[in-house]
Structures are given as C-alpha cells and as structure tokens.
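Trainee: I would like a close look at how the ligand is held, and then a walk outwards through the parts of the chain that can be described with some care. Could you take me through it step by step?

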Amino acid sequence: MRGVTDTHPAPLLAPDDLARLREALVRARYTSTGIAERIGAPAVEAVRRNDFRALLRATTDGDPLATLVRVFIAGQTEPEAAVAAALGPLPLDAALEAGLVERYGDGIHAGVDLDIYGEAATGSGDAEWWVLSDLDADARPGPLRTDHVLGIGNAATTLAGATVRRPVGTALDLGTGCGVQALHLSRHAARVTATDLSDRALRFAATTAALNGVEWELLAGDMLAPVAGRRFDLVVSNPPFVVGPGSTRYTYRDSGRAGDRVCAELAGAAGDLLTEGGTLQFLANWLHVTGEDWHDRVAGWFAGTGCDAWVIQREVSDPVEYVNLWLRDAAEAFDPRRAEAWLDWFAAEKVEAVGFGLVTLRRSPHPTPVVRLEDLRHSVPPPFGPHVAEWFDRQDWLAAHPGPALLDAPLRRADGLRLTQEAGFDGADWDVERQVLTMSTGLRWAEEVDPLVLALVSGADGRVPLRDQLAVLAAAYETPEPVLAAMAVPIVAHLVERGLLVPAGR
Ligand SMILES: C[S@@+](CC[C@H](N)C(=O)[O-])C[C@H]1O[C@@H](n2cnc3c(N)ncnc32)[C@H](O)[C@@H]1O
C-alpha cells in the first residue's frame with residue numbers, strides 16, 4: 001500500500017560497525033586521491049571508460065586499498081583473509097550480514113556498490129563521499145531486483161549539476177534512493193529532509209548519511225505525503241518519471257501513475273510545498289501527443305501554482321527507442337510481448353514521442369508568474385545550476401523594468417558574442433541573408449538577428465540606455481521612434497532573458 005509511514009530507517013550496519021567501516025575506508029585511503037596515487041591518473045581515466053587492465057595490474061599486492069579497489073571498483077572476487085583485513089576493524093561477519101560483501105566460490109565479492117563520489121562530478125566543489133547503492137546491471141547478472149536502489153548515474157549527476165547551490169535553510173530530496181542529491185544538499189542547506197517510498201532505499205540512504213557523518217531527516221511514503229503541510233526553501237527530485245500505463249514493476253523508475261502524471265503531480269504541488277521564493281527542481285518526462293503541443297501540455301502542470309517556471313527540453317525519444325531503453329535499463333531478457341504491451345499503450349494514447357528535461361519552479365515574487373518552456377538541446381559546459389539561478393535573477397530584473405522601462409536601462413552585450421553571417425551571391429555581390437549571434441559563454445544560445453537588432457546589440461556598451469540608440473536608429477531607418485521602441489521591447493526582453501544583453505554593472 002502506498003501511504004505514509006514515519007520511520008527512522010536503520011542503516012545496513014549498526015552504528016559501531018558503521019564507524020568501523022568508516023575507519024577501514026579512511027585507513028586504507030579508499031578515496032579518489034588515495035586511489036589515484038596508487039594506480040595513477042591514466043588508470044583512473046581508463047576505469048572511466050570501463051578499461052580495468054591498468055587498475056588490475058596496479059593492485060596485485062593484496063593490501064587493504066588494493067583489495068577494496070578490486071572488490072568494489074573492479075568487481076573482483078578476492079581471498080577471504082584479504083577482504084577481512086581490508087574491512088577491519090569491521091568484522092567480516094558483520095559485513096556479510098549487512099550484505100556489503102558476499103561469499104562467492106572460495107572468495108568474497110561485493111554485495112553492494114560502494115562508490116566514491118564527489119562534487120567534482122558536477123563542478124560544484126571538492127567534497128567527496130562514499131555512497132552505497134545496489135550493484136548495477138553490469139555488475140550482477142540477471143534482471144534488477146524490483147526494489148533496486150539506484151546508484152549514481154547520468155540522471156543523478158544531471159540533476160545535481162543543475163541544482164541551484166545557494167545557501168538555504170530547509171531542503172527536501174524527494175525519492176532519495178542512495179542519497180546522492182541529499183549529500184549535495186548537505187553542503188548548502190541547514191536542514192535536509194529526504195523521502196522515499198522504498199524502505200530499502202531509505203536504509204541505503206541512512207547508511208550513506210552515517211558513513212559520511214551527515215544528518216538527514218529520513219521519511220518513508222508516497223510522493224509528498226510524508227511532508228504534507230510543510231514547506232521547503234529548495235526541493236529537488238529525480239522522480240520515477242518513466243512514462244507508460246502506470247506500472248509499479250521497478251520502484252526506481254515506475255511511479256504507478258499513468259503517462260506523465262507523476263511529474264504533473266509534483267509540479268502541481270509546488271505552490272503548497274515551497275517557501276516564499278523557494279525553488280523546486282526535478283527531472284521529468286512528458287508526452288508528445290498527436291494534436292497537442294508539448295509546451296501547452298507541460299505548461300498546464302503549473303496552472304494555479306503561483307510559480308515562475310522554466311522548462312528545458314533536452315531530448316526527445318520516439319516510443320520504440322524509449323521502451324527499448326528502459327527494458328534494457330532493468331537488464332531484463334528481451335521480451336517482445338512486454339515491449340508490445342507498452343508500445344500498444346503509447347499507440348492507444350496517441351503518444352508520438354517522449355520529452356526529457358529539467359523543470360525548475362520558483363514561488364514567484366511577481367503578480368504574474370513567468371512560464372517559459374523551450375528546447376535547449378545543445379551542450380552547455382557544466383555546471384548548469386548557476387545558469388538556472390541567473391535565469392531567475394534575469395526574470396527579476398525584467399520584472400523590475402517592465403515594458404518601455406527596459407529601454408531606459410543601460411545594457412551591454414554579453415562577453416564573447418560571435419556573429420555568423422550567411423550570404424548568397426547575386427551575380428554581382430554577396431548579399432547577407434542571415435545573421436546569427438552566438439554566445440560563447442553562458443547558455444550558448446544562438447539567435448538569428450535582423451540588421452536593426454544587430455545594430456542595437458553592437459551598440460550596447462553598458463553606458464547609454466537603448467532608448468538613446470533607438471533615436472539614432474530611428475533616423476537611420478526612417479522609422480518613427482515610438483514604432484521602433486514598440487518593436488524593440490519584446491526582442492530586447494528576450495535577449496536579456498537569454499543573457500545576450502546584460503544589465504550594466506552585472
Ligand atoms: C530515479 S530514482 C532517483 C534516486 C536518486 N535520488 C538519484 O538522484 O539518483 C527514484 C527514486 O524515487 C523513489 N520512489 C519511487 N516511487 C516513489 C514514490 N511514489 N514516492 C516517493 N519516492 C518514490 C525510488 O525508490 C527511487 O529511490
């Protein structure tokens with residue numbers, strides 16, 4: 001039953017044994033620095049590409065670090081005495097009982113993933129943690145357990161990298177799993193609450209927290225039920241967003257809600273969940289349905305929340321590609337009938353494609369919230385979080401300079417803008433047909449501009465208001481200034497929103 005149970009989930013190990021495990025890891029130097037010093041940077045780089053040859057060659061001594069690396073990073077089975085020595089002072093029996101390691105043949109291998117993960121993955125700092133999760137499909141044969149506790153994957157780091165990392169009082173990680181988002185939150189939130197439907201996930205999260213010496217309030221229950229009536233300054237979630245008929249097969253990906261309702265539900269709750277100015281960020285999938293614009297569909301999620309919303313669509317998959325991806329993700333033997341049932345549901349619901357992206361909602365300080373949904377498929381160097389924060393800052397600036405007031409503010413063109421021109425030869429001369437301004441920093445938007453807008457941007461040096469420039473351009477283009485101003489306001493607002501024009505002094 002999906003309900004609310006307040007719990008204090010027990011970590012996988014008793015407190016004393018957790019302290020012993022921590023001591024073992026510290027003593028062996030099972031850290032990214034310790035391992036890099038031992039196996040060398042090229043071997044570390046090779047491991048990232050799943051090439052373990054150099055690592056295995058550098059870890060043949062049987063000492064604690066070599067053994068931990070071989071067991072937990074290279075998935076090797078090692079002699080019992082070596083593993084016992086590596087985990088000591090944690091007794092091997094305690095590690096076996098907790099499922100940390102397992103007997104295999106006449107040796108011992110990993111029972112869980114004991115990952116070394118840090119802020120370096122998202123470019124947000126240099127803190128590093130040990131993170132416990134279930135072994136992924138590559139490390140254990142057969143399909144995943146239905147209550148599989150997800151390790152740190154691309155989605156987790158995407159969300160972590162996109163999170164606004166400003167100091168906050170209270171933060172919530174909804175669907176915490178192994179606790180990866182909560183670890184990041186611990187760095188800039190005074191109090192962290194983490195929830196999950198899965199008791200197993202909460203036990204892993206409790207273990208991760210204790211191992212790293214951080215304290216979280218851990219609550220069990222469905223979606224927002226465990227925190228009903230409470231508000232947070234920051235909420236993050238990598239929810240079980242996989243779309244389909246409403247399956248509950250794998251807890252890490254299936255919400256039991258049909259279609260994209262789980263994401264709609266989360267978005268719809270934002271108004272009652274956030275403190276004033278608070279932010280909710282989550283990864284989402286949404287349906288592209290025949291005859292319906294995805295922008296309208298997703299914008300509908302925010303109606304009545306009183307939140308500013310920025311949605312960026314990063315990928316679009318066709319149903320076959322999507323279903324195959326998720327069937328592979330759980331490492332199930334390919335079953336055409338399962339794929340057929342899922343695809344038939346897509347067909348019956350007229351789903352043409354599935355969008356994936358990031359949703360950020362902020363309880364709006366403005367009378368009319370801004371809702372923007374756009375494709376942002378090009379790559380933007382990490383971390384993305386500062387761009388999100390700045391996007392909302394720019395909305396505040398625009399709200400403070402409404403309509404024509406925008407033209408009275410000095411604006412400057414962003415640093416590093418590049419202009420690309422496309423010209424056709426008309427037999428006598430090259431005729432510029434298209435001009436595109438591209439940002440070499442920030443969100444890397446490329447904007448097609450006409451000669452007038454290009455002149456405006458080129459002249460935006462931060463010293464004079466655009467209105468002064470417009471007066472000059474009005475004369476040059478023989479167009480009345482008020483006409484030019486009315487045309488310029490929405491274009492300039494758009495360029496400020498995207499960061500091509502920057503308020504002077506910023
Ligand atoms: C995709 S995993 C994300 C794990 C982790 N937060 C991350 O960023 O990788 C989704 C998590 O949501 C949990 N979950 C699934 N259904 C839920 C529900 N109805 N309410 C709360 N959590 C749920 C799963 O157990 C799982 O831990």
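Which residue has a polar side-chain atom that lies 3.2 Å from an oxygen atom of the ligand?

Mentor: That residue is Asn-238, a polar side-chain atom of which lies 3.2 Å from an oxygen atom of the ligand. Please keep in mind throughout that this is a predicted model, and that every distance and angle I quote is computed from it. The ligand is surrounded by 19 residues, and the closest of these are Gly-175, Gln-181, Asp-196, Asp-222 and Met-223. Gly-175 also offers a polar backbone atom, which is 2.8 Å from a nitrogen atom of the ligand. A polar backbone atom of Leu-197 is likewise placed 3.3 Å from a nitrogen atom of the ligand. In the contacts just described, then, Asn-238 takes part through its side chain, whereas Gly-175 and Leu-197 take part through backbone atoms.

Turning from the ligand to the rest of the chain, we can begin with a loop residue, Thr-305, which is found between α13 (294-299) and β12. Although it sits in a loop, Thr-305 has a relative accessible area of 7%, and it counts as buried because the limit for that term is under 20%. Its side chain comes to 2.7 Å from the backbone oxygen of Phe-302. If neighbours within four places in sequence are set aside, Thr-305 touches Ala-267, Gly-268 and Gly-271.

Strand β12 (307-317) also belongs to the surroundings of helix α14, where it is among the elements that cover the buried residues, together with β11 (274-289), α15 (336-348) and β13 (351-363). Helix α14 spans residues 319-329, and its buried residues are Pro-319, Tyr-322, Val-323, Trp-326 and Leu-327. Viewed down the axis of α14, these residues fall within an arc of 125°, and therefore they line one face of the helix. The spacing behind such a pattern is a general one: an α-helix has 3.6 residues a turn, so residues three or four places apart point the same way. The start of α14 has a polar contact in which a side-chain oxygen of Asp-318 reaches to within 3.0 Å of the backbone nitrogen of Val-320. Just after the helix, Ala-331 adopts a positive phi of about 60°.

A second helix, α3, can be read in the same manner. Within its residues 41-48, Ala-43, Ala-46 and Val-47 are buried, and, seen down the axis of α3, they fall within an arc of 100°, so they too line one face of the helix. These buried residues pack against α2 (32-39) and α4 (53-57), while the face turned away from them carries the exposed residues Ala-41, Pro-42 and Arg-48. After α3 comes Asn-50, whose phi is positive, near 65°.

The sheets deserve equal attention. One open sheet has three strands in the order β19-β15-β20, paired in the antiparallel sense. Its edge strands, each pairing on one side only, are β19 (461-465) and β20 (501-503), and neighbouring strands are turned by 35° against each other on average, direction ignored. Strand β15, residues 410-413, is joined to β20 by three bridges; Leu-411 has Pro-503 as its bridge partner in β20, and Arg-413 stands opposite Leu-501 in that strand. Towards β19, strand β15 pairs over two bridges, and here Arg-412 stands opposite Asp-461.

Another open sheet is formed by three strands in the order β16-β17-β18, again with antiparallel pairing. The edge strands in this case are β16 (417-425) and β18 (446-448), each of which pairs on one side only, and the twist averages 25° from one strand to the next. Three bridges join β17, residues 430-439, to β18, with Leu-437 opposite Glu-447. Helix α17 (residues 451-459) packs on this sheet, where it touches β16 and β17, and its direction makes about 45° with that of β17.

To return to your opening question, the side-chain contact you asked about belongs to Asn-238 and an oxygen atom of the ligand, and it is best read alongside the backbone contacts of Gly-175 and Leu-197.

Definitions and conventions: Residues are numbered from 1 along each chain as its sequence is written. This is a predicted model: local features need pLDDT of at least 70, side-chain atom pairs count only at pLDDT 80 or more; totals for chains, interfaces and linings use all residues. Side-chain values use heavy atoms; hydrogens and water are left out. Buried means under 20% relative accessible area, exposed over 50%, partly exposed in between (1.4 Å probe, protein chains only). Helices (H or I, at least four residues) and strands (E, at least two) are DSSP runs, numbered from the N terminus. The arc is that of the directions from the helix axis to the C-beta atoms. Contact means heavy atoms within 4.5 Å. A polar contact is a pair of N or O atoms within 3.5 Å; within protein, one must be able to donate a hydrogen and the other to accept it, and residues adjacent in sequence count only if both atoms are side-chain atoms. Two strands pair if DSSP finds at least two bridges between them. Axes are lines fitted to C-alpha atoms, for helices over the stretch in contact, and angles run from 0 to 180 degrees between N-to-C directions. A residue is near a molecule or strand if one of its heavy atoms lies within 4 Å of it.
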